[in-house]
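Dear colleague,

I am handing over the structure we spoke about, and it is placed directly below. Please have it open while you read the remarks that come after it.

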Amino acid sequence: MASSESLMRRALARIPGGVNSPVRSFIAVGASPRFIRRAEGAHLLDVDGRRYVDLCMSWGPLPLGHGAVADAIRAAVGDGTSFGAPTEGEVELAETLAAALPSLEMVRLVSSGTEATMSALRVARACTGRWKVIKFAGGYHGHADAFLVQAGSGALTGGVPSSPGVPPGVAADTLVCRYNDLESVEAALHANAGLVGAIFVEPVAGNMGLIPPVPGFLQGLRRLAAAHGALLVFDEVVTGFRVAYGGAQGLYGVLPDLTCLGKIIGGGLPVGAYGGRAELMRHVAPAGPVYQAGTLSGNPLAVAAGLATLERLRAPGTYEQLARLGEQAARLLRQTAERAGVACSVGLHAHPVLSSGGATRPGWRAGGGYRGIRPVLSRDAGSGSLLAAGPV
Ligand code: PMP
């Protein structure tokens with residue numbers, strides 16, 4: 001079998017950077033990608049014959065490990081892989097998502113987190129008639145133009161493209177505020193009065209290390225969005241079914257107008273979703289005029305993998321077990337790094353039951369096992385790029 005090294009040489013000739021998503025290039029960690037032959041349980045096996053404990057789990061979609069829902073996928077394959085017509089599974093997945101996430105009345109399935117966020121933005125703009133969007137520095141919402149934007153020269157002005165190919169005009173409609181800083185949001189809303197249609201936020205920031213919301217931040221965003229006529233959009237592509245079965249919105253008790261999902265809800269196959277209040281989602285085609293479509297949206301294999309994953313996650317004790325494993329992994333990573341003399345920090349999203357005091361958090365939904373933990377190993381506390389262990 002070809003080695004990782006020889007495969008990378010071939011890949012570099014035909015695939016930009018040799019990979020189909022930049023984080024796989026290993027550039028951030030000064031190494032060359034391992035090409036994976038197969039995976040089982042908690043392990044990855046590369047083409048060079050090495051075995052790894054997998055702390056990334058495909059960057060989030062596989063909280064149950066590799067192969068956990070393979071039977072469901074195999075069963076679905078037998079019935080066909082894509083029909084271009086609706087299936088019962090899609091209805092079931094929509095019902096399952098709506099039952100889990102307190103703010104979700106209607107939901108549209110798509111094929112990636114990026115598709116979910118860009119579609120949610122379109123709905124928010126259409127429903128408010130406003131083009132400007134607030135996002136937070138260090139947040140990531142996929143690679144649609146409106147989100148590939150960094151703060152402009154003044155925090156209250158529109159942003160500048162963070163990638164060539166993003167038109168300056170698009171970036172100008174994106175305002176970049178500081179996470180956990182309500183004053184920056186209030187100032188941006190005042191400076192752009194009547195123009196902001198949506199506030200997009202990762203309710204627990206997971207793309208700049210791991211930064212939980214300070215008490216009152218999400219509640220403050222809720223209040224500010226309502227007061228200024230903007231929609232609050234939670235990007236729960238990472239946090240959905242991860243920090244808790246009910247997502248960050250269930251855990252923190254703050255209900256957004258729209259929610260974006262991805263990763264876990266496809267159990268390792270390509271799925272995303274966006275949804276929210278029915279009154280907003282009824283604007284989406286063909287129920288309404290906001291156009292959004294997808295040849296493989298609600299793909300039967302992906303839906304089967306997602307349903308099987310969510311069913312397993314609902315089982316009593318799952319999130320407690322994830323929390324315990326997360327704490328164990330964090331401890332081992334810290335010890336190992338310390339022994340090796342490597343500077344690192346491991347972020348943990350506090351588990352409401354295992355950590356003191358959290359169980360009484362407002363909005364806590366008892367009895368459903370809506371608890372979770374997410375270990376993230378970053379190079380520097382709070383600001384480094386993710387090395388391992390957490391989904392991004
Ligand atoms: N939102 C968040 C919070 C993410 O972390 C990501 C991907 N890491 C996305 C959106 C985009 O999802 P996808 O890669 O499936 O397009």
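What follows is an account of what was found, going from the whole chain to one sheet and then to the cysteines.

Please keep in mind that this is a predicted model. The protein chain has 11 helices and 15 strands, and of its 392 residues, 50% are buried. If one takes the contacts between residues at least 6 apart in sequence, 68% of them join residues at least 24 apart. The protein chain exposes about 17500 Å², of which carbon and sulfur atoms supply 56%.

One part that you may wish to look at is an open sheet of three strands, which has the order 1-2-3 and antiparallel pairing. Strand 1 (36-40) and strand 3 (51-53) stand at its edges, and because each has a single partner strand, one side of each is left without a neighbour in the sheet. On average, and with direction ignored, neighbouring strands of this sheet are turned by 25° against each other. Strand 1 pairs with strand 2 (residues 43-46) in the antiparallel sense over four bridges, and Arg38 has Leu45, in strand 2, as its bridge partner.

As for the cysteines, a disulfide is a covalent bond between the sulfur atoms of two cysteines. With a cut-off of 2.5 Å between cysteine sulfur atoms, the count comes to zero disulfides. Cys56 has a relative accessible area of 17% and is therefore buried, since buried means under 20%, and Cys177, at 3% relative accessibility, also counts as buried.

With best regards

Conventions. Residues numbered from 1 in each chain as written. Predicted model: local features only at pLDDT ≥ 70, side-chain atom pairs only at ≥ 80, totals over all residues. Heavy atoms only, no water. Helix = DSSP H or I, 4+ residues; strand = E, 2+ residues; numbered from the N terminus. Buried < 20%, exposed > 50% of the residue type's maximum accessible area, 1.4 Å probe, protein only. Contact = heavy atoms within 4.5 Å. Areas by Shrake-Rupley, 256 points an atom, 1.4 Å probe, with all protein chains shown as cover. Pairing = 2+ DSSP bridges. Axes fitted to C-alpha atoms, helices over the stretch in contact; angles between N-to-C directions.
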